[in-house]
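Here's a quick tour in questions and answers. Have a look at the structure first, then we'll dig in.

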Amino acid sequence: MKNLFAGLVVAALVAGPVAAQEAVITYDTDQSFDDVIFGLENAILDEGLVVDHISHTGDMLERTRADLGSDVVLFEQADIYSFCSAQLSREVMEADPMNIVYCPYHIFVMVRPESPDTTTVGFRSFPEGEMKKIEALLDGIARSAVGLE
């Protein structure tokens, strides 16, 4: 039991810095939040994918702000779209079953209060290897959402 605990502590210490190094790929536009959301939903559907879930993160953070004793408005609007590709997910997980950690895939759309005329769409980058296929998929979807493709 002692060795198991020590192993978990070492794993947590190693995983922490890796997670902190993840990069985020973003695209800014002067399009409205609603227009970018519309573009994102269409881009996801155009890839033959289905949105699994939409997290209304901005609404949740604003709704709970006062209860948590904060006066900081983080977002004017912010949603996270979750979806998956059965074909690509199988491909990357056959290469390495631990790639399950990245599924489902997420793209966020946000408007910050300090730049209300700028809508940002983005996603996290993925490690070298098979997961770059997923990154390319997300990049194409994000770019399409703001009219760059």
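A disulfide is a pair of cysteine sulfur atoms within 2.5 Å. Keep in mind that this is a predicted model.

Q: How many disulfides does a search of the whole structure find?
A: For a disulfide, two cysteine sulfur atoms have to sit within 2.5 Å. Searching the whole structure for such pairs gives a count of zero.

Q: Is Cys 84 buried, partly exposed or exposed?
A: Buried means under 20% relative accessible area, and exposed means over 50%. Cys 84 comes in at 22%, so it counts as partly exposed.

Q: Which residues touch the most other members of the largest nonpolar core?
A: In soluble globular proteins, nonpolar side chains tend to be buried together. Here the largest nonpolar core has 28 residues, and the ones touching the most other members are Tyr 105 and Ile 141.

Q: Which elements do the buried residues of H2 pack against?
A: Helix H2 covers 33-46 and supplies at least two residues of the largest nonpolar core. Its buried residues include Phe 33, Val 36, Leu 40 and Ile 44. They fall within an arc of 165 degrees seen down the helix axis, so they line one face of H2. What that buried set packs against is S1, S2, S3, S4, S5 and H5.

Q: Which residues are exposed on the other side of H2?
A: Buried residues of H2, among them Ile 37 and Ala 43, line one face of the helix. On the other side, the exposed ones are Asp 34, Phe 38, Leu 45 and Asp 46.

Technical notes. Residues are numbered from 1 along each chain as its sequence is written. This is a predicted model: local features need pLDDT of at least 70, side-chain atom pairs count only at pLDDT 80 or more; totals for chains, interfaces and linings use all residues. Side-chain values use heavy atoms; hydrogens and water are left out. Buried means under 20% relative accessible area, exposed over 50%, partly exposed in between (1.4 Å probe, protein chains only). A nonpolar core is a set of buried Ala, Val, Leu, Ile, Met, Phe, Trp, Tyr and Cys residues joined through side-chain atoms within 4.5 Å. Helices (H or I, at least four residues) and strands (E, at least two) are DSSP runs, numbered from the N terminus. The arc is that of the directions from the helix axis to the C-beta atoms. Contact means heavy atoms within 4.5 Å.
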